[in-house]
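Biologist: Before we discuss any detail, could you put the sequence and the model on the screen, so that we can go through them together?

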Amino acid sequence: MINPASLMRAKKAFDQFKANHPKFISFFRVTLQGGVPEGTIIEISVTKPGEEPIMTNMKVSAADIELFKELKDLT
């Protein structure tokens, strides 16, 4: 069972994240609107100060879509 106090702290932290990074949230909202079909490639790049970028990607599977649905149902 989820601790309500932990849930409230997580919500507050997420609200702060949204306020700090509105373009990032907007990007996900527009990109993921209408769902992500199986076969979609999601690529992530991270560049730390003074370091070369590190990239990875994943191809969305049917199992991934089911996980996304389960997580969405939690909210």
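**Charged side chains on the first helix**

Modeller: Asp 15 has a relative accessibility of 31%, and for that reason counts as partly exposed. Please keep in mind throughout that this is a predicted model.

Biologist: Which two side chains meet Asp 15 in salt bridges?

Modeller: One salt bridge joins the side chains of Lys 11 and Asp 15, with an N to O distance of 2.8 Å. In the other, where N and O are 3.6 Å apart, Asp 15 meets the side chain of Lys 18. Because these salt bridges fall within the 4 Å cut-off and share partners, they join the residues into one network, and the two side chains that meet Asp 15 are those of Lys 11 and Lys 18.

Biologist: How many salt bridges does the structure hold?

Modeller: The pair Lys 11 and Asp 15 forms a salt bridge, and so does the pair Asp 15 and Lys 18. For the structure, the number of salt bridges is two.

Biologist: In which helix do Lys 11 and Asp 15 both lie, and how far apart are they in residues?

Modeller: Asp 15 and Lys 18 are three residues apart, about one turn of the helix, and both lie in α1. Lys 11 and Asp 15 are also separated by about one turn; they both lie in helix α1, and their spacing is four residues.

Biologist: Why does Lys 11 count as partly exposed?

Modeller: Partly exposed residues have a relative accessible area between 20% and 50%. Lys 11, which is found in helix α1, belongs in this class because its relative accessibility is 47%.

Biologist: What span does α1 reach from its first C-alpha to its last?

Modeller: Helix α1 covers residues 4–20 and has 17 residues, for which a span of 24 Å is expected at 1.5 Å a residue. At its start, the backbone nitrogen of Ala 5 has a side-chain oxygen of Asn 3 within 2.8 Å. The span that α1 reaches is close to the expected one, at 24 Å.

Biologist: Which helix supplies the largest share of the nonpolar patch?

Modeller: The patch of about 560 Å² on the surface is made by Phe 14, Phe 17, Phe 24, Phe 27, Phe 28 and Leu 32. Both α1 and α2 (22–32) supply at least two of its residues. Phe 28, for instance, has its place in helix α2 and counts as partly exposed at 35% relative accessibility. The largest share, four residues, comes from α2.

Biologist: Is Ile 2 buried or exposed?

Modeller: Ile 2 lies in the segment before α1, and its C-alpha is 25 Å from that of Ile 25, which is 23 residues away in sequence. Since the relative accessibility of Ile 2 is 56%, it counts as exposed.

Biologist: What pattern does the protein follow along the sequence?

Modeller: The protein has three helices and two strands. Read in sequence order, these elements follow the pattern α-α-β-β-α.

Biologist: What is the radius of gyration of the protein?

Modeller: For 75 residues the globule rule gives 11 Å, and the protein is well over this value, so it is more spread out than a compact globule. The C-alpha atoms fill a box of roughly 40 × 35 × 25 Å along the principal axes, and Lys 11 and Gly 50, which are 39 residues apart along the chain, have C-alpha atoms separated by 32 Å. The radius of gyration is 15 Å.

Biologist: What percentage of the residues in the protein is buried?

Modeller: A residue is buried when its relative accessible area is under 20%. Of the 75 residues in the protein, the buried ones make up 4%.

Note on methods:
Residues are numbered from 1 along each chain as its sequence is written. This is a predicted model: local features need pLDDT of at least 70, side-chain atom pairs count only at pLDDT 80 or more; totals for chains, interfaces and linings use all residues. Side-chain values use heavy atoms; hydrogens and water are left out. Patches are made of residues with over 30% relative accessible area and no salt bridge: like charges are joined within 9 Å, nonpolar side chains (Val, Leu, Ile, Met, Phe, Trp, Tyr) within 5 Å. Accessible areas come from the Shrake-Rupley method with a 1.4 Å probe; for residues, only the protein chains shown count as cover. Buried means under 20% relative accessible area, exposed over 50%, partly exposed in between (1.4 Å probe, protein chains only). The expected span of a helix is 1.5 Å times one less than its number of residues. A polar contact is a pair of N or O atoms within 3.5 Å; within protein, one must be able to donate a hydrogen and the other to accept it, and residues adjacent in sequence count only if both atoms are side-chain atoms. The radius of gyration is taken over C-alpha atoms; the globule rule is 2.2 Å times the number of residues to the power 0.38.
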